[in-house]
Amino acid sequence: MFRGVKRWIISSGVMALGILAVVAEPMKVSALHPLIADLARQVGGERVEVFDLVEEGGNPHRIEPRPADMREMQASAVILASGKGLENYLDRLESSLGDITIIEVGRTIPSILASEDPDHVCTHDHDHSHNDLDPHWWQSVDNMRRASRVVAMALADKDPEGREYFMENAGAYGKRLDELKRWAKVELAKVPREQRKLVTAHNAFAYFAKEFGFEVIPVAGLNKEQGTTPHEMAATIDAVRKSGVKALFPETGSSVKTLRSVSNATGARIAEPLIADGNGVGDDAGFEGMIRHNVVSITAALTP
C-alpha cells in the first residue's frame, strides 16, 4: 500500500537525487449508503478513497449496480453497508463479489423495533427479516458517533499502520457531533412540548424522535409505489386533528399529494421537506448537513 518514491530535483543548476517522504496510496473503500460514504471520508481522511455507490442526492433504497460499480467494489479492500436489514441484497452481493469483506456498520448499534410502534408504516422495500428492526439508525447523533468507531476499526483491520490515524479522526469527528447535538437540543427546545410531534411520510425518524423527545406520526402511502386507502386517509386525518400539530413534513424525494389532502382536511400546513435517508445535496449533504437541515426545518415549522 505504501511505496518510496525517488525524484530528480534541479536546484541552482545542480542535479541532485531527492528522496520524497513515503507516499500513501489510499485504500479503496466502497459504501452502500451516502451517509456511510460520508462517514468513511470523515474517519478515513487521506488514507482512503471512497466509492459512493449511491452518490449525493441518490436513493439508497433503489440500488442497481452497473458493471462499472461491481468493478469498483471488487477492487475495494472493504465494503461498508448500513445494515439492520436495509440492504436486503447483501447475500447476493457477497456471492457475486467473492472474498471481499462487507461490514454492516449498524449491526452493533442499539436498535428500535418497528413493532414497538403500533402506528409504524414503512413504505420502503426494507428487509424486515431482521426481527423487524427499524433500519434508520443514522437519524441519531449518538448512533453516528458509535458508527465512527465501528468504521475506524474496520479500516484499521485492513490498514493496521493507519489505526492511530483512524481512531484520532473518529475522536475528532465525535467531538464535532457532540457540538452538533448540543446545538440541535438548543434549537429544538424552542418548539413547545405539545407541538413536538412529527407527521412524516413514513416512520424514518423514530431514532431522531427518541433522542430529542419527539413523537412520530407516520402517514402511509406517500411514495410513488403505494397509495393510501380511504380508511388509512380517514385514520391519518383523525390522528393529525387529535395531535393538534400545525405542520406536516414531506420527505425529499417523496410525493406530497396525499399529504396535501391531509393538510386541506386538517388545516395543518406543508412544511419544508425533511431528509430521511441522507440524500441531501449541497450544504444538506452528509450527516451533519442532514441533521442541520432537519433541525432548522422542524424548528421553523413548529415554533410559534
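Is Lys-84 buried or exposed in this predicted model? Let us look at that residue and then take a tour of several other places in the protein.

**Figure 1. Lys-84 sits in a loop and has a positive phi.**
Start in the loop between β7 and α3, where you will find Lys-84. Lys-84 is buried, because its relative accessible area is 3%, and buried means under 20%. Now look at the backbone: the phi of Lys-84 is near 60°, a positive value in a residue that is not glycine. As background, most residues other than glycine have a negative phi.

**Figure 2. The whole protein combines helices and strands.**
Step back for a moment to see the setting of the close-ups. The secondary structure comes to nine helices and twelve strands. The protein has 304 residues, and 52% of them are buried. Among the contacts with a separation of 6 or more, 62% join residues that are 24 or more positions apart. On the outside, about 14800 Å² is exposed, and carbon and sulfur atoms supply 49% of that area.

**Figure 3. Met-144 and Phe-287 touch the most other members of the largest nonpolar core.**
This core has 58 residues. Several elements each supply at least two of its residues, including β5 (27–31), α1 (34–44), α5 (163–188) and α9 (286–302). The largest share, eight residues, comes from α4. Follow Met-144 outward: beyond residues up to four places away in sequence, Met-144 touches Leu-35, Leu-39, Trp-137, Trp-138, Tyr-173, Leu-177 and Phe-287. Apart from this core lies another one, of 14 residues, among them Leu-53, Ile-63, Met-73 and Ile-79.

**Figure 4. Helix α3 has buried residues on one side and exposed residues on the other.**
In α3 (residues 90–97), the buried residues include Leu-90, Leu-93 and Leu-97. These three lie on the same side of α3 because they cover an arc of only 60° around the axis. A handy rule helps here: an α-helix has 3.6 residues a turn, so residues three or four places apart point the same way. On the other side of α3, Asp-91, Arg-92, Ser-95 and Ser-96 are exposed. What do the buried residues of α3 pack against? Their partners are α2 (67–74), β7 and β8 (101–104). Just after the helix, Gly-98 takes a positive phi of about 80°.

**Figure 5. Met-73 in helix α2 is buried and has many partners to trace.**
Met-73 lies in α2. Its relative accessible area is 0%, so Met-73 counts as buried. Leaving aside neighbours within four places in sequence, Met-73 is in contact with Ser-30, Leu-32, Phe-51, Leu-53, Pro-65, Ile-79, Leu-93, Leu-97 and Ile-100. Two of these names, Leu-93 and Leu-97, may be familiar as buried residues of α3. Met-73 and Lys-28 are 45 residues apart along the chain, yet their C-alpha atoms are separated by 8.6 Å.

**Figure 6. Ser-76 and Met-27 are 49 residues apart in sequence and 7.5 Å apart in space.**
That distance runs from C-alpha to C-alpha. Met-27 belongs to strand β5, while Ser-76 is found in the loop between α2 and β7. Both residues are buried: Met-27 has a relative accessible area of 3%, and Ser-76 has 7% relative accessibility. Setting aside neighbours within four places in sequence, Ser-76 is in contact with Lys-28, Val-29, Ser-30 and Ile-100.

**Figure 7. Helices α1 and α5 cross at roughly 115°.**
Two packed helices are described by the angle between their axes and the distance between the axes. Here the axes of α1 and α5 come within 7 Å. From α1, the residues that take part are Asp-38, Leu-39, Gln-42, Val-43 and Gly-44. They meet Tyr-165, Phe-166, Asn-169, Ala-170, Tyr-173 and Arg-176 in α5. By class, this contact has six nonpolar, three polar and two charged residues.

**Figure 8. Asp-142 in helix α4 touches Lys-181 and Glu-211.**
Those two partners do not include residues up to four places away in sequence. How does a value of 19% relative accessibility classify Asp-142? Asp-142 counts as buried, because the cut-off is under 20%. The C-alpha atoms of Asp-142 and Ile-109, 33 residues apart along the chain, are separated by 9.7 Å.

Key. Residues are numbered from 1 along each chain as its sequence is written. This is a predicted model: local features need pLDDT of at least 70, side-chain atom pairs count only at pLDDT 80 or more; totals for chains, interfaces and linings use all residues. Side-chain values use heavy atoms; hydrogens and water are left out. Helices (H or I, at least four residues) and strands (E, at least two) are DSSP runs, numbered from the N terminus. Buried means under 20% relative accessible area, exposed over 50%, partly exposed in between (1.4 Å probe, protein chains only). Contact means heavy atoms within 4.5 Å. Accessible areas come from the Shrake-Rupley method with a 1.4 Å probe; for residues, only the protein chains shown count as cover. A nonpolar core is a set of buried Ala, Val, Leu, Ile, Met, Phe, Trp, Tyr and Cys residues joined through side-chain atoms within 4.5 Å. The arc is that of the directions from the helix axis to the C-beta atoms. Axes are lines fitted to C-alpha atoms, for helices over the stretch in contact, and angles run from 0 to 180 degrees between N-to-C directions. Ala, Val, Leu, Ile, Met, Phe, Trp, Tyr, Cys and Pro count as nonpolar, Asp, Glu, Lys and Arg as charged, and the others, Gly among them, as polar.
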